[in-house]
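Thanks, everyone. I'll take two helices, then the packing inside. Have a look at this one.

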Amino acid sequence: MANEFSLPLYEKIYCKNTIQRALDVTLLFLLVLLLVYRLFSLKNHGFPWLLAFVCESWFTFIWVLVVSSKWSPVEYKTYPENLEKRFPDLPNIDMFVTTADPVLEPPIITVNTILSLLAVDYPADKLACYVSDDACSPLTFYSLVEASKFAKLWVPFCKKYKIQVRAPFRYFLGDSEPLNTAANSEFKQDCLKIKAEYELLIQKIEEAARKSVPCDLTGELAAFDNVERHNHPTIIKIILEHKEILPDAVPNLVYISREKRPKQPHHYKAGAMNVLARVSGVMTNAPFMLNVDCDMFVNNPQVVRHAMCQLLGSKSERETAFVQYRQVFYDGSRDDFYGNQFVVFLKYMCRGVAGTQGSYYMGTGCFHRRKVIYGLWPDDAENEAQNHTFFDEFGNSEAFISSTAQALKGNKGFPNNLSNSLEAAYQVASCSYEYGTSWGTKCGWIYGSKAEDALTGLTIHKKGWKSTLHNPEPPAFMGCAPSGGPEAMTQQKRWATGLLEILVGKNNPIIATLTAKLQFRMCLAYLWPQVWGLRSIPELCYAALPAYCILTDSHFLPKVEEPAIWIPFAIFVTFNLHTLREYLETGLSIRAWWHNMRMGRITATSAHLFGLLTVILKLLGLTDTVFEVTQKDQSSDGDDTDHVTKFTFNGSAVFVPGTTLLLLHLISLLALSLRLLSPVHGAHGVGIGEVFCSMWVVLCFWPFLKGLFEKGKYGIPSSTIVKSAALALTFVHFCTT
């Protein structure tokens, strides 16, 4: 027995990265050397030299943040086979799924995510799945009801044959086979039966989606009659409830559409998550919670056991406030055309951040301790008197206050009859419940940013909690990345907006380091993404600088004959070879590296710029930020030629800066080639370096160049071209006069 209790559940592995560190430091040294050279020669040069110095100072600061974040990478290895030997009575888990728009997030995607959650390898009586529908869509509810019928077939099938991929749409693609059952005739019969039932489920949902009203609003659906999306009462429906433990039982499934009223703030996803926390608190009150986006299905059926290894196996609870799983995307283009699969970012940056105070909270694929979400500080577990001060901050529901007391003590939840908790659930899901409480400020998911995940994670870390990042094989969860230019830009703009809101708010990581328990290197790790919006200004200026120098016959780089030219040349070569090495080591192609480098320039000068402008307008009180839902696509054709080789556009103003930069450089290069400019004036005229940089910018914005001549969604709209041409010509006029 003693040996069983000493069995390890996980181990922390420190990764060697000597070469990585050497290259990072070499590049930092070169950047500092360039700044020193510019500073000492500043008086001998004009405005371009000064602007280059300011921009490069900013880039050096960014690189310091990157080097610090990547410095000490760690990985975790778990031993789920030891879990039940150490903990025979496994804890309960409440699983949260959020969806907000049945058009942008089709119900069939949500259904597959839920089916994969219901089928995980974990005792069904220990699980409950709560679905938040912020669109109050009868189509979504109807789809869940139909999916619950299919789940009674799918879940036993998966567990009987040990199916690895438990999202039906992925399993029936034919690229997955259960272990040791390929020749089993019984399995083949069951598989054909299940596949036919799944196709019938798809047919029902698609037929309902084509109707203006998906189904008769009677019976359980009567609650959706005459409801408006932003003006409706709370709707909570218990779709599945296991009242006795059976071998083929399916976990509880509850649908929630919280109350919304036009003049009352609902705080977007953060508000939905807090309602899920409260409703689950009065119904099942599991000590641990998993939250996933509607498109992130379970890809590894052992994921709950992997997470419990870290949450239960740590020597101190403060070491694992939450366990974050890396985001992996299915059906993305093979060479990551839109640069949004983040493979290298997750391998190098996220593993490095995990070696500081722990992983970022990324908003999906994350297991939380309920007591931590409720606002508990690490030291409060030993001070029960302080725990009681929380009770006045959670609202006026006696049922919820009682469940909170149990949660803060770390109790395992109650085997409650869900129907008996409905009245309390409706109370805590009302839009007025949070008035006068600490929800969104001290407890729950924190309000004040469209990047509620980053803000909530920062709030947890500044209390002194730590977290972990786990990367099992196969990947724990898989989701769909934006599949077009507009969708990618929308996502990047939302992130830049939300992250900058944190930086300029009271939860700034610098303040958290000075006044709370956020570690210094964790502060630097948080600053790196939070300055994306601010970074857009030096990125834009630096990208326009070569064109300015060509048009004004000036220069911002040393001349070819000067020894100092080797400094920027070495930086350019070292950076590109260094990043290329990272991509090749991760198993990606040279083309994937180039697509990510190119998209880095495009998003920094467009989506991030608009994120900055949005926050400025908010600070001036002229407008408020809006949470923009990204289009979800369940297409299974990841190698479609158009998706690999063509960038898509729409009429959004976010494409104006990129188009303007492209036109500006084309005009400057054309003017230079036609000798419309005055001759080079000795040592102070434009040089080869500026011409090369201008051509490099054109290369980075090559998709925009192709978009000038394409039609339809692959072409830049004429209105965008006209606006960009006007801005480019204005800039040229300014330079030449």
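Helix H9 is mostly covered: 15 of its 16 residues are buried. This is a predicted model, so keep that in mind throughout. H9 runs from residue 268 to 283. From first C-alpha to last, H9 reaches 23 Å. At 1.5 Å a residue, 22 Å is expected, so the two are close. Just after H9 comes Asn285, with a positive phi of about 55 degrees.

Now helix H5, residues 107–118. How many of its 12 residues are buried? The count is 12 of 12. Among them are Pro107, Asn112 and Ser116, along with Ile108, Ile109 and Val111. Why should H5 span 16 Å? Because its 12 residues are taken at 1.5 Å each, and the expected span is 1.5 Å times one less than the residue count. The end C-alpha atoms are 16 Å apart, which agrees.

On to the cores. The largest nonpolar core has 77 residues. Which members touch the most others? Trp154, Met308, Phe367 and Phe477. Helix H6, residues 138–161, gives the most to this core, with 12 residues.

Take Phe477. Leave aside neighbours within four places in sequence. Phe477 is then in contact with Phe367, and also with Leu290, Val292, Met296, Phe297 and Val298, among others. Its contacts also include Asn299, Tyr325, Arg326 and Gly365.

Apart from the largest core lies another, of 47 residues. Trp63, Phe329, Ala481 and Leu524 are among its members.

One general point to finish. In soluble globular proteins, nonpolar side chains tend to be buried together.

Methods
Residues are numbered from 1 along each chain as its sequence is written. This is a predicted model: local features need pLDDT of at least 70, side-chain atom pairs count only at pLDDT 80 or more; totals for chains, interfaces and linings use all residues. Side-chain values use heavy atoms; hydrogens and water are left out. A nonpolar core is a set of buried Ala, Val, Leu, Ile, Met, Phe, Trp, Tyr and Cys residues joined through side-chain atoms within 4.5 Å. Buried means under 20% relative accessible area, exposed over 50%, partly exposed in between (1.4 Å probe, protein chains only). Helices (H or I, at least four residues) and strands (E, at least two) are DSSP runs, numbered from the N terminus. Contact means heavy atoms within 4.5 Å.
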